Every structure is written in structure tokens, then in C-alpha cells.
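Biologist: I would like to go through this structure and ask how each label is earned.

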Amino acid sequence: MNIGDKMEVRIGLEIHQQLDTSKKLFCNCPTILRDDEPHFTIMRMLRPVASELGEIDQAALFEFEKKKYFYYQGYYDSVCLVELDEEPPHEINKESVMISLTVALMLNMIPVDEIHVMRKIVIDGSNTTGFQRTAKIAFNGWIDDEDGRISIKSLCLEEDSARKISETEDYIVYRLDRLGIPLIEITTGPDIRNGEQARRVALKIGRILQSTGKVKRGIGTIRQDLNISIEGGARVEIKGIQELKLIPIVVDYEIMRQKNLLKIRDLIKNKPPPDGKIYDVTEVFSSTECKIIKKSIQNNGKVLAILLKGFKGILKEEIQPNRRFGTELADYAKVYGGVGGIFHTDELPAYGIKEEEVEQLKKKLKAEDNDCIVMVVGKEEACRNALNAIIRRIEQAYIGVPSEVRAANLDGTTRFMRPMPGAARMYPETDIPPMVITEELLNQIKANLPETFESKVSRFMKEYGLSYDLASLIVDSPYSSIFEDIVKKSKVNPSLIASTFEYTFKMLKREGIDVDSFDKNIIYELFMSVSNGRFAKEAITDILRWLANNKGKGIDDAIKALSLTPVDLTEVRKKAKEIVENNIEMIKREGEKATKKLMGEIMKIYRGKVDGKIIYDILNEEVLKVLKS
Amino acid sequence: MWCIIMNIGYRGKALELLKKYDVNIGDRILVKTKKAIFKGILMPRSEIGDDLHIVIKIDDGYNIGLSIDSIEYMEKLLEKVEETPHVIQKVKELLPNLPKVSIISTGGTIASKIDYRTGAVSPALTAEDLYKAIPEIGEIANIRTEILFNLLSENIVPEHWTAMAYAIKKYIDEGVEGIVVTHGTDTMGYTAAALSFSLRNLPVPVILVGSQRSSDRPSSDAYLNLKSAIFTAVKAPFAEVGVLMHASSSDDELIVHRGTRVRKMHTSRRDAFKTINSKPLAKIIGDKIEVYEPYKRRGGELELKAKFDNKVVLIKIFPGIPIEIFDFLIENKYHGIVIEGTGLGHAPEYIFPAIKRAIENGITVVMTSQCIYGRINMNVYSTGRMLLSMGVIPAEDMLPETALVKLMWVLAQTNDKEEIRNLFLTNISGEISERSEYW
């Protein structure tokens, strides 16, 4: 099915990439994430600041109404008073500005003349200050895609937020290690027309970022958000897509969702909207066998319900694979009421709720056969918030698709996250002086722009004799700079080095070996040892495997343990002679082809200890001697 | 902070350019530069900026600086900016019969409003503003507000202390349940000491409150501090001058420090204020006040003694301190010198002749310690004993800043040498304790 056909779809990308600087954006803490036990925890609350007109941003109010408080975890040696919002920010990190300007110029953008840091209000607790510091670095750029030019609207340099560790009904726990890591935010214009194109553009921008050699790699270091709008639908922002290959799926599923919501709009247009009445039906379930309800009632919880006239079957309408209209409503109930989910009569009796209970319920609400009853379970206030949110969501269904922020699920479907924020609430960060970008600085950066992906791939093919595939892989990989280093300093064949990184490492990874934790110095030493003939290239895999299983040990230990001490070649020749003599008949019959047949036998003895090529040459010489004689 | 933003800030070449095209701050303008065309609102410029750039807020909310050298053309636009839908916050109806609390504001921005269009931050000081900013206040007290000054606290002088004391008296006479004074944090400790001495036989609590993070940010400590200060003004059983601030970096516990015992001990942390050499007045967690004895109970008739003698200085002893400092003070007929001495209360012997001469010239000389923690004892070493014999008054376990304020206050009460000494060494408002408690 080509879902995007015949319908105008406009897609914009927002890419967030962490920079690999030595210091954070507004303090001198290292940019490292930690999993060891935090050294301290503090507790904070946030509240929206009223504006001149007494108005409060809808998104900000939404967070405040949850009335959550926040715990922040920190480390004495890598989190300072700046992340704790206990000291004013330091001046903006120069290295980050240089990287941002480099990327901006590679995206054909116009840098601002003077950088001003702003405060963008965010009160979900992910920033201790209650705002994210962000600065516009450049605008009005473009990149070329095979289906046309894509405009790059904006490049901002901002601080990453704190990392969410856990959440309960009352509070959220964040870790401060990530807060303040420099982040580049690149926004494209809404010029992308389909999911595949979105993936290509994201990949291209990602490669430009990587070409600086100054961006972090690995899970969570780059995040893609999508802005999608469809003719007749609404603009929806989808956050947290971790993998590029998911982008086309997310786009297709979102188009599907919006089309299905429009279909539901037509289905319900003649049905009366909810009357807003909320019924307490706890009594009906006083002796229920439904575990969820039973447990909740035991904890002084309630069961509240609303009646939807004529809605029978509507909540079962599928919107995305395995997601129904009922699921959309449940999302709202979860987010606004903090309840676990919803029950509705389209799917009852089930979950231990009995036929008689459903009948009693219908009787109590005076429901007719083509009606639907939605129930939630929990503390009374939570239930009311949840049902009111559901009522609001159903009211929106009569109009069509609500404009909102959604989070991507792992399968490419999405769930409601929060309402769309109003125009960004921003005001100047007066604690940080503006930074002037001079022409000299720009000229200096222009003169030193990094190689693009394409030119680096063709250089690797030309200079190192790599195939296109291998060159692309190694340029895309985090090993591209160590690869060039080793190629320049050793005599090892570049293709072997590249394929070790791209193929051997991947194979070891499949075996469950943590190849990312290999020390760069050890990898370097490994190839220098091959280069110096300390062992044969065939032994590389075994050595890597041994090193992974013997953390803290070095190459010398591996050579010893695997008894890879180099073999005297005269011994090899002696063995070759011996094998040849035992196979004279065969050699005379097969001619030079015999060498290949005999290789297996001799390799059994010397694999990994002597380079296969050398063994072959010696064996072949001995075979030829027999043939000549 | 807000004054920086409100300041026009433009000067020199940038200002000339703005004049040339007749555009003003807050105007929506179009700017054509060599590189591109921009639309946005002309923003004020911080005074630390140069005169070679103008700042505009573009439509996505960001401020950017444009070099005036690249600007080819500018014009004022009259188009309307689309307003985004917003939620208007309503002020809740006050509960009837709430206790009355007066909030006297002297500066600092304990509550703020932001104009997101221009980014300007302005103080929220009316009662209505405060109910809006901190709706919970509406359940605690019926507040009235007065803007007495709008001063950065480093600009506060003893005359302001006097004015504050008179304003407090006015409200106490009107029968309020308690008083809250909002204050910049830099010199809040000095003011707290000054009010402690000025307001004799205080019938209700007077709570000074400030914030270490400006109130224009959602993480500001101002809200919790102010709310708790109002709560304390209503509920506290003590009638003393206190400074209420965070107990730690967390937004959970607050401490009310006794006005004569409190010192700002950190440049930026929320818990910068500490009680020195004593216990605080109270600890507040949620709606519980834990009070520490002894303290003055509510009630009684206020007696105002709010005069201060300005001719008093505080001098910190350091290795190599020039003796001429004292000559200047003697020649200019100063009335009091508080020495922040080393250790138990010492100073280098080469300045002894100057100290002796100061005392002979009628100057009251008091010794405190730069250790901040601990009590003066000038009997242990000979230098101390020599200073005592010259007539230097040991300030016991008083903070140097409190000793300074107290000497200003004492010297405004009396000229009699004996009375000065007696009054200075009498515990007036919890500033001196007989026992140095271990804690």
C-alpha cells in the first residue's frame, strides 16, 4: 500500500546531535554519562513564571498541573553548581561554537553576526533551571537530495537536558550527567515529501555532523524528531526516533493515523458529543473478580465512568497497527490522569469483569445497545482528570486530527505525549554575554572545512584501494580516524584494517563481545604487531576475542596465551618438504594445483603463527621442485 | 536583572543607525543586510554589548545580533503579529477572615513577570501580581504590599534601615499579624541586624526574605521563600527579626535565621545564609514550624530606636596592614572602629600606637574575629592583653557585621564612654550568648 499517494504530505526534520567536546556548554564539567552510584541527590520544584498579561504557556501549565517534584542525582567530580542551578552559567564554550559554525557552513547556512543565548521555558524538570539555554547560530541553508533541494531553516546550539532515570505519580528522578552537554539542533523546512526522503535527508545531515569528527557516537547521542502534516489533517510533532530506518515507517503510520482519524470524524459526525457527566460506578464492582479494580478499591480507589451515546464500535476502530481509537483515548487518560489505562464496553466482558457487571453498569448509566461506556480506575481526582481528558479528546475527534506532540514507539507507531507548545516562550539569558562572530573567524573555518562523506569515500578508494562498500562503511564508522592513523603508520594492507573494523568487529559483536570497549591504543598496537611480523594477520580475530575475555591484559599477554610466538621459516620449509615427499604421487598427477590441496594440512599447524601467503609460497616452491625434477 | 534589559543600551554607531531609520525598541522591523532579509522586533541591548551590533527577536523567538556594517536598509513594519492562544490565569477569591500580613519591598525581584514579546522582565509587586505568581498565598494571608524602595541591596545605606523601621512600625500600629520585608541578598544580613536593634520589644515577627535565583526563572527559590515567609509571619510564635532562606540546595526545608546571627556565606547557592555561633530561630518543612528556644514571644508595645551613627568603619586586619588607615579615621573624627582581627582577636603590634591614639581621640574601638566562627578571647596571648589594656572592647561571639551595625546603633543612643561600653556588651537582640554551645 502506498499510503502517501495522492495526498499532500509535508515533512520537516529536527535533528539533535550531541557534541564530543571536552567541556560542557556553560561550565567546565566533562561531557560523560555515568552509570555508577550517584554521589548526591537534591530535590526541587518548578513553577511557570507569569507573563506580562497573566498568561501562562499551555505546555508549561500542562507540566505544572501535574504538580510533580524532581530529584536530581549528581557526582562530586563531574557535576558542578552550574548544573545544580546553584551558580550562574560560565561563558559559552568556544569549541562548541566552532563546531556549530563548521556544520552551518557545510549546510550552506548564514551565520548570525552575534550569538545571543536565550532561555526557552521547559518545566518538565529536565532542566534544573526550568529553561533550556539555546542560541541561534545560523539560518537559511540547504542541502541537495536526489528529489530536490531541501532548505535548512535553522541551526541552534543548546544544552542537553538531564537524563530521566525513573518516574512515579509524585516525582521524577533525573541524572545531571547529561545536562549541559552541547547539542546542535538542525531544523529543515517542511520540504520533505515522503518517509524515504526523510530518511535520506537525516542520513545526509548525520554524515555532515560526523565529518567534523567532533560529535558523539552511539545510542542516544543523535535524536530525530519529525514534523508531519497532511492535507486536511494537522501538524503533529513526533519525538524520539532513535533509528534512521524507522523514519519511513513512522511517516507511513502517521499518515495512516491521520487518515483513520478523519474517517472516524465522518463516522461520529451525527452522534451527540459527550455530555460531560461523570458517574461513580464503584458500587457495581464491590465484589468484582477483576484484579486491577479489586486492588484499586482496596486502596480507597474509585471506578468512574462516562457514557458515549451511539459510540458502540468506534473505540475498536483501528488507527495504526494494533492501536485503536480506544488506545488514543487511553493515552490521554494515562498522561492527564496518571491512570493505568481505560476499560470500555466494546471489549467487555474481559479482564475478569463479568457479564452481570457489564449489564449492571449499563443499567446504572441507562446505556442502550449502541452506546459505549468508558471507565477508569484509581484515586478519584486521577479518574476525573483522566475522564475529562478523554471527553476533550473526543470533542476534538469531531473536528479531526488534534495538533500535538507524540512519542515514537519501537514499532514505528506513536503515542500522545503532550499538547503542542505555543510559540516558544523565550527570553534572553542575561547571565551570558553575547559573542561576536567575526569575518576572520568565518574565513578561518571556511579554509579548514572537513572533508564531506562523498569526497572522503572517493579518497579512501583512490589512496587506499578500498572498494566503494568498504570505503563507505569505514567513513561512516567511528573508526575512520584511527583507520587512517594505522594505515599511515603501519605496513598492513588498508583493506585488512578496514575489514577488521567493519566485518570482524561486527562478527565479534554478534558473538556478544563488547567491541566498543576496546581501548584505541590496544587496537593500534595490534596492527603495529601484525605490521612488524610478530604474528600473522589470521590471528587478529582470535587475539581480539581473547582480549575481550581478558580485560586489562595487553597484546603481549595475548601472544603468549595463544602461543603465537613467531615460527622459524626454516622449520616451515622442513615441514613443507615432509608433506611434499609424502604426496609425490598426487603432485605429479595434479601439477601445480597440488599446492592448494596441500595448504590445508600445513595451515593446520601454522594458522595464525605464520602469514598464509608466506606458507603458500614456501609450499609452492617445494612442489615446483618436485615437478621440475 | 530587569534593569539591564529595560535599559535602552544602544550607543554610538548603533544608536545613530537606529535614529537614521527612525526605529525604536519594541518596533517590528525589517532589516536588509548584505546576506539576507530579517523581520523581527528590535530588542534592547545589554550595556556590556558593543556599539557595532543591533539585536532583533526573530519570529521563532530567538534573539540574534546583526552587524551594523552589514545593514543596508531598515524599516518599521506595521503588520500585526499573530497571537498564540494562551490560558489566562484567574486570581482565586480570597478566603474571608485571613490574617493580615504586610509585604514591604525594598528591591531585588522576589516575583517577576516576563513580557515574552520583548523578553523584558519586570518585578511583580502588587498584591494581585503576587497572588497570581504564587496562588497558595491566597490561602495563607490577606496581603498588602508597599514598594518602599527599589534598590540593589549593595546600594542600601543606614538611612534606609531607619526608613524600613518606620514603615514596619506603621503597619504594626495598624494591627498586622506579621511583616515580610523583601530584600536583595547581598546586605540582607546587615539590614536584619539593624532592624533587630531598631525594633525594641517587637510584638510580631518581621521576616526578611530574598532569593539567590532571580524570580524570572521557574527554578527560582523566591516563590518558596516568599510563601514560607508569609506563612511564618502569620504562624510563628516568636516576635523577632528573622531572615528566611533555603536550608539546603533542595526545595524542601527553610531556615529562619535570627537577624543578628545571620551571614551570607556563599556567593550563589540557595542555602548561602547561615546562622553563625548559635541556633537559628526556626526550621520550616511544609506547613510545620519547628522553633528553637529561647525566643521572644509575640505581644508587647513596639518601641522604635531606629537611629544609626554613620561614622563607624569595619577594618579587616591582614599581614602588612598600613597604619595610615587609622590616621585617616582619627583626622576625620570617626566615632567607631570595628576591627576584624585575626584569631581570638589580635592585630599586629606595629599598629598598636595608632589604635591607642584612636581611643585617646574618643573613638570607640571594638574587636571581632575574621574567623567568623567562635568567640573573642584577648586574655590568652600578650597582644590581646595589650589591646584590652588600651581600652579595646572585645565583641564576644558577635559577627563582625553585627558588631558594626550595633556600634552604629549604640553610638546613636549615647555619647557616654561607660554607657557605650555597657550597651555594646549587653545582649540586646540575641547577638551575644554567654555560653558557646557545642553543636
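**Strands, exposure and cores**

Modeller: In the hairpin of β13(A) and β14(A), five residues lie between the strands, and A:Gly232 there takes a positive phi near 85 degrees. This is a predicted model, in which local features need pLDDT of at least 70, side-chain atom pairs count only at pLDDT 80 or more, and totals for chains, interfaces and linings use all residues. Residues are numbered from 1 along each chain as its sequence is written, and chains are lettered from A and ligands numbered from 1 in the order in which they are written.

Biologist: What makes β13(A) and β14(A) a pair?

Modeller: Strands (E, at least two residues) and helices (H or I, at least four) are DSSP runs, numbered from the N terminus. Two strands pair if DSSP finds at least two bridges between them. Four bridges join β13(A) to β14(A), residues 236-241, and the two run antiparallel, so they pair. A:Gln224 has A:Ile241 in β14(A) as its bridge partner.

Biologist: Why is B:Glu324 called exposed?

Modeller: A residue is exposed if 12 or fewer other C-beta atoms, placed from the backbone, lie within 10 Å of its own, buried if 20 or more do, and partly exposed in between. B:Glu324 has 9, so it is exposed. Its place is in helix α7 of chain B, residues 324-331.

Biologist: How do you know that the largest nonpolar core lies between two domains?

Modeller: A nonpolar core is a set of buried Ala, Val, Leu, Ile, Met, Phe, Trp, Tyr and Cys residues joined through C-beta atoms within 7 Å. The largest has 96 residues, and B:Val180 is among those with the most contacts inside it. Domain 2 (100-304) and domain 3 (312-425) of chain B both give residues to this core, so it lies between them. Domain bounds come from an automatic or database domain assignment.
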